[in-house]
Amino acid sequence: MRIARFSIDGNVAFGAVEGEPSTPGSTEGLVVDVIKGVPFADFELSGTKVPLDKVRLLPPVLPSKVVAIGRNYAAHAAELGHEVPTAPWAFFKPSTSVIGPGDPIVYPPFSQEVHHEAELAVVIGRLCREVPRERVKDVILGFTCANDVTARDTQQTEKQWARAKGFDSSCPLGPWIETGLDLAAASDLAVTATVNGELRQAGRTNQMINSIEDLIVNITEAMTLLPGDVLLTGTPAGVGPLHPGDEVAVTIEGIGTLTNKVISRG
Ligand code: MG
């Protein structure tokens, strides 16, 4: 099931997206069946269906925190001239960095070099801590696309990445949460990024150094994850600059396409 969060006529709801798009990445031909309640508990579909192009898609969750992993693909570490870390290298993106499909990525005032990073995002479904490896599958609600937008120049000059990776609009998520993938399937998906239609990144989640299970065990050793929290699993090679006016699209096989425009500050 594809679970979207959306607004229509000033109301916000979750819904199950049904149908197939008429062209890849479009919402034409899709409808959303409104969910009664929230997807973090047992829920029912209302049977009220709305064309997806009549609603505004929102970020599929409002996470209390986004935990992201640096340098989890060897080819990406190499392209930035870095060694591969010996253990998962986690950092935070704040809740205020999250935007939805179609929302603008706004260039921060302190950067001249903002990069795209296409990533598989894991959406947590239940409160959890110290999750053993065999229980990881039980704490995952589903998967979505993410763009770990990064002020690369700032990342290189500031020791902590809070500003470089935490500025407003630096965490596009969406277009929806796919709940139908098991861990094996999620661990072998094509991940791509295009800018203005030109292919920039093309990798597979099977190139991750630390698996999804490794990462959730590692993070929940340290902290409680809440329903709706999001884990970004690292980016494959091919990161590069975005400029105002660009349109960046992250596509993950079996999930969908997350598209955002880049704008300068107004
Ligand atoms: Mg990243």
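**Exercise 1.** What spacing do the donors of the magnesium ion follow along the chain?

*Solution.* Begin with the identity of the ligands in this predicted model: the protein donors of the magnesium ion are Glu-117 (OE), Glu-119 (OE) and Asp-148 (OD), and they lie 2.0 to 2.1 Å from the ion. Placed in chain order, these donors give the spacing E-x1-E-x28-D. Next, locate two of them in the fold: Glu-119 belongs to strand β11 (residues 118–124), whereas Asp-148 sits in the loop between β12 (140–147) and β13 (150–151), so that this pair, 29 residues apart, links distant parts of the chain.

**Exercise 2.** Determine whether Glu-119 and Asp-148 are buried or exposed.

*Solution.* The cut-off to apply is a relative accessible area under 20% for a buried residue. By this criterion, both Glu-119 and Asp-148 are buried.

**Exercise 3.** Work out which strands pair with β14, and in which sense, beginning with β1, continuing with β8 and ending with β12.

*Solution.* Strand β1 (residues 2–8) runs antiparallel to β14 and is joined to it by two bridges, with Ile-3 standing opposite Ile-177 of β14. Strand β8 (residues 98–99) also has two bridges to β14, but in the parallel sense, and here Ile-99 has Pro-172 as its bridge partner. Finally, β12 is antiparallel to β14 and connected to it through three bridges, where Phe-143 is partnered by Glu-178.

**Exercise 4.** Explain why strand β14 can be described as largely enclosed by the rest of the structure.

*Solution.* Consider the residues of β14 (residues 171–178): eight of the eight are buried, and therefore the strand is largely enclosed by the rest of the structure.

Note on methods:
Residues are numbered from 1 along each chain as its sequence is written. This is a predicted model: local features need pLDDT of at least 70, side-chain atom pairs count only at pLDDT 80 or more; totals for chains, interfaces and linings use all residues. Side-chain values use heavy atoms; hydrogens and water are left out. Donors are N, O and S atoms within 2.8 Å of the metal (3.2 Å for Na, K and Ca); water is not among the atoms, so sites may look incomplete. Helices (H or I, at least four residues) and strands (E, at least two) are DSSP runs, numbered from the N terminus. Buried means under 20% relative accessible area, exposed over 50%, partly exposed in between (1.4 Å probe, protein chains only). Two strands pair if DSSP finds at least two bridges between them.
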